[in-house]
Amino acid sequence: MNTKNKKIRVRFAPSPTGYLHIGGARTALFNWLYARHYEGTFVLRIEDTDRLRSTPEAVKAILDGMKWLGLDWDEGPEAGGEYGPYFQMQRLETYKEYTDKLLADGKAYECYCTAEELEERRKIQLSKGGNALYDRKCLNLSKAEKEKFKQDGRNPVIRLKMPGTQIIVNDLIKGRMEFDSSLLTDFVIIKSDGIPTYNFAVVIDDILMKISLVMRGDDHISNTPKQIVIYNALDAEVPYFAHIPMIMGPDNTRLSKRHGATSVMAYKEMGFLPEAVVNYIAHLGWSSGTNQEVFTIDELIKGFTLKKVSSHSAIFDMEKLNWFNGEYLKKMTEERYAEMLVPYLQETGLIGDSISDEQYVWLKKVISLMKSRVRNFRQFLEYADYFFTDNFQVEKDAVKVLKQEGVRETLGELAKQLDKLNDWSEENIEQVVRNIATEMNLKGKQIIHPTRVSLSGKKVGPSLFALMEVLGKEINVNRLMQSAKELEQ
């Protein structure tokens, strides 16, 4: 595609019938990156002609998802623009103007056939080994015949007359594709209630919004020849097309909830960072051509071209997304980490609605211990719950550590010695533990493992002595004494 002499205008045009999912987010991201790379315009358009399923709540969910990901739009809802409105249901008069033109030019016609009649004739065609194409029964109706249908209470649909020519698409990702329009039926462009169908409305909008490239999922390939016929019927310039391969699950089936394909905002709820989600979904079908995996937004913009987009399906891997998120968390400052973590802690009741300066300083110490060990904020709550509450569960595999011979005596003695410690520091705590091990003739693991389980309920975690220092003297002594007491009972 020659981008030097043509103003780049791309769009993301979701239907507000549900949340913004990963596939939609990837399509939006690729369009956004393309526009930013070529200093073009990114348009957001809401295709809400499905009146039964479109809802204001879904519109909000889409906008919220886009904003969370950082995909700002140059034109569209809330942003405005010279080619609005950007909701299709607010553009019905415009679609009617173009419909009237096609009818006047003989390129479209009214069809009064009922669904029952169409189904009956379709069955006959199939029984004779033919294709189930519309037989153009209404193509040449007289005025009298049309009037009779109207008197019978029939409202017509408008069908586009297929030209019967070869349609060639030079897709920027898939390559050359050919379609024989004689094998395509005269499809409906306006339904009987006056609402345009998807294929018609999208073409009119793309013409009037001067979209130069239509980049979308390859599940739309079957729509492309129909849309090109509409462009040609209106003597309009056909944009470039680029169809992105589908995202599949690890089992090579279409991405679904069982693979983690939930709402983009659900990933926020799950404790993921927007920049990590963007970085990961950028890799679903695009490659930099290098071994680099973690990119800044500016690096993604600079490196994104369609030449680097694969023509093969991408595989969504939840573990890889977790890895990306973990990499971002490791590099995050304790300050920003704390700012983003606090709402999750408050939501689960691990801290109160307000946090003091002293608590904030302490929280940053906990984060410093844990941030390299967790891959999302929800995992932080699971792995670090013992820092915030005494009411934590002991892992099943860890219970047997406490039931080993001599553990009760060891924990009881450790509690006594720690209670006497005046200078509470990691180094002094370690010295106390080592001294007790020597005095009781214990190997290091015989005191370290049960101590960790008593204090955290877990077999693994950050450095034990650093953990003990951050927990504080009182909590250490109380938990160790409680464990010894429970073991005695």
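Visitor: What is the relative accessible area of W362?
Guide: This is a predicted model, in which local features need pLDDT of at least 70 and side-chain atom pairs count only at pLDDT 80 or more, while totals for chains, interfaces and linings use all residues. Residues are numbered from 1 along each chain as its sequence is written, and side-chain values use heavy atoms, with hydrogens and water left out. Buried means under 20% relative accessible area, exposed over 50% and partly exposed in between, with a 1.4 Å probe and protein chains only. W362 is partly exposed, because its relative accessible area is 25%.

Visitor: How are the rings of W362 and F388 arranged?
Guide: Rings of Phe, Tyr and Trp (its six-membered ring) pair if their centres lie within 6.5 Å, and planes under 30 degrees apart count as stacked, over 60 as edge-to-face and the rest as tilted. The centres of W362 and F388 are 5.5 Å apart and their planes stand at 80°, so the arrangement is edge-to-face.

Visitor: How many residues apart along the chain are W362 and F388?
Guide: Helices (H or I, at least four residues) and strands (E, at least two) are DSSP runs, numbered from the N terminus. W362 belongs to helix 13 (residues 357-370), whereas F388 sits in the loop between helix 14 (377-383) and helix 15 (396-402). The pair thus links distant parts of the chain, and the separation in residues is 26.

Visitor: Which helix gives the largest share of the largest nonpolar core?
Guide: A nonpolar core is a set of buried Ala, Val, Leu, Ile, Met, Phe, Trp, Tyr and Cys residues joined through side-chain atoms within 4.5 Å. The largest one here has 55 residues, and those with the most contacts inside it are Y337, L341, M370, F380, F387 and L418. Its largest share, seven residues, comes from residues 464-471, that is, helix 19.

Visitor: Is Y267 buried or exposed?
Guide: Y267 lies in helix 8 (residues 264-269), and its C-alpha atom is separated by 9.9 Å from that of G65, 202 residues apart along the chain. With a relative accessible area of 0%, Y267 is buried.

Visitor: Which residue of strand 4 is the bridge partner of E110?
Guide: Two strands pair if DSSP finds at least two bridges between them. Strand 3 and strand 4 (residues 157-160) run antiparallel and are joined by four bridges. From strand 3 (residues 108-111), A108 and E110 point one way and Y109 and C111 the other way, all of them buried. Within strand 4, the bridge partner of E110 is I158.
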